[in-house]
Amino acid sequence: ESTLAAAAEQTGRYFGTAIAAGKLGDSQYTTIANREFNMITAENEMKIDATEPNRGQFNFSNGDRIYNWAVQNGKRVRGHTLAWHNQQPYWMQQLEGYDLRQAMINHINGVVGHYKGKIYAWDVVNEAFDDGNSGARRNSNLQRTGNDWIEVAFRTARAADPDAKLCYNDYNIDNWNWAKTQAVYNMVRDFKSRGVPIDCVGLQSHFNSNSPYNPNYRTTIQSFAALGVDVQITELDIQGGSASTYASVVNDCLAVPRCTGITVWGVRDTDSWLGSQASALLFDGNGNKKAAYTAVLNALNGG
Ligand code: G3I
């Protein structure tokens, strides 16, 4: 096959990208995105600050622009993200305790309800664990509402849309040896044992010199999958753009049946949150396929 989406489809997987609403008028961008990818994540437009700028007043204009572009072009959509310490609107940043808990629940009901039946998978909770060696939860206003905030978020999302897969999404949980990975693993195991609704784990997979790709990535994917959840690679980018590292990531996903798809976090290097000099994506700033693109395509094609 000659596109990422078609090549991934051969094994029943998807290949996705993050899309920014402000770039939907850039024909080079939309041409590449439409040709190569069949799963779409809004890079910012379905986040809390975008969808509920004022408390109780929802705004889906940019989220819907991305959703409609995706569906009109035959693609599915991952929802990103419902409960997160970052990109909270100012009003939410001021909340604590019971009031914040209610606001979180209301936010999830509002956003998941708006897209009910339309989303392949929601990143229900994003980045709730601390970096470093503690394995602790990240200190945030959401965490301070009580340790059960994550499962409340998942139960709320399940009730609001029983058909969407519900994911926990984080970075630095790709290296099996890290305490953060083990902490998330233990949470997912606990949720499965207690019947808390969770369907998938998103490995963001932002690789750089501080958190490089490690070959134990495959063990991480296999271990989460063995708990009875899908694994999705949700925000892949690799600083420096190593073709062989990209191929390793793809091959590790292909090795695990429950690794259901891969999303790269942007189309061209110039679209990356890391800046174009990071050379972290599959297309250069002129829209040309990079060596990393060819490595990914070949891996998806089985060789
Ligand atoms: O839209 C405003 C614009 O009006 C303003 O002029 C400009 C000036 O700074 O800022 C623009 O907003 C920026 C927004 O991206 C859109 O470009 C924000 O400042 C900037 O903070 C925001 O960054 C996003 C970041 O999440 C915020 O946390 C990145 O685009 C986005 O790629 C990044 O994505 C995250 C995932 O959601 C979660 N995992 C990590 C990943 C990378 O950080």
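User: How many charged residues does the shell around the ligand have?
Analyst: This is a predicted model. By class, the shell around the ligand splits three ways. Nonpolar residues number three and polar residues seven. The charged residues number four.

User: Which residues are the closest to the ligand?
Analyst: The ligand is surrounded by 14 residues. A residue is counted when one of its heavy atoms lies within 4 Å. The closest of the 14 are Glu43, Lys47, His80, Glu127 and Glu235.

User: What distance separates a nitrogen atom of the ligand from the side chain of Glu235?
Analyst: Glu235 is among the residues closest to the ligand. Its side chain places an N or O atom by a ligand nitrogen. A polar contact needs such a pair within 3.5 Å. Here the distance is 2.6 Å.

User: How much of the ligand's accessible area does the protein cover?
Analyst: On its own, the ligand has 780 Å² of accessible area. The part of this that the protein covers is 45%.

User: Which side chain has an N or O atom 3.1 Å from an oxygen atom of the ligand?
Analyst: Glu127 has a polar side-chain atom 2.9 Å from the ligand, but its partner is a nitrogen atom. The contact to a ligand oxygen atom, at 3.1 Å, comes from another side chain. That side chain belongs to Gln87.

User: Where is the cis peptide bond that has omega near -5°?
Analyst: Most peptide bonds are trans. This cis bond leads into Thr81, a residue of strand S3 (residues 76-83). The residue before the bond is His80, which is also among the closest to the ligand. The cis bond runs from His80 to Thr81.

User: Which residue has a positive phi although it is not a glycine?
Analyst: Most residues other than glycine have a negative phi. One residue in the loop between strand S5 (165-170) and H8 has a phi of about 55°. That residue is Asn172.

User: Why do H8 and H9 count as roughly parallel or antiparallel?
Analyst: The axes of H8 (residues 179-194) and H9 (residues 217-226) come within 10 Å. They cross at roughly 15°. Angles under 35 degrees count as roughly parallel. H8 and H9 are therefore roughly parallel.

User: What is the hand of the crossing where H9 passes H10?
Analyst: The axes of H9 and H10 (residues 243-254) lie 9 Å apart, at an angle of about 30°. The two helices are therefore roughly parallel. The crossing is right-handed.

User: At what angle do the axes of H10 and H11 cross?
Analyst: H10 passes H11 in a right-handed crossing. The axes of H10 and H11 (residues 291-300) come within 8 Å. Their crossing angle is roughly 25°.

Key: Residues are numbered from 1 along each chain as its sequence is written. This is a predicted model: local features need pLDDT of at least 70, side-chain atom pairs count only at pLDDT 80 or more; totals for chains, interfaces and linings use all residues. Side-chain values use heavy atoms; hydrogens and water are left out. A polar contact is a pair of N or O atoms within 3.5 Å; within protein, one must be able to donate a hydrogen and the other to accept it, and residues adjacent in sequence count only if both atoms are side-chain atoms. Accessible areas come from the Shrake-Rupley method with a 1.4 Å probe; for residues, only the protein chains shown count as cover. Ala, Val, Leu, Ile, Met, Phe, Trp, Tyr, Cys and Pro count as nonpolar, Asp, Glu, Lys and Arg as charged, and the others, Gly among them, as polar. Axes are lines fitted to C-alpha atoms, for helices over the stretch in contact, and angles run from 0 to 180 degrees between N-to-C directions. Helices (H or I, at least four residues) and strands (E, at least two) are DSSP runs, numbered from the N terminus. Angles under 35 degrees count as roughly parallel, over 145 as roughly antiparallel, 65 to 115 as roughly perpendicular and the rest as oblique. A crossing is left-handed if the near helix is turned anticlockwise from the far one by less than a right angle, and right-handed if clockwise.
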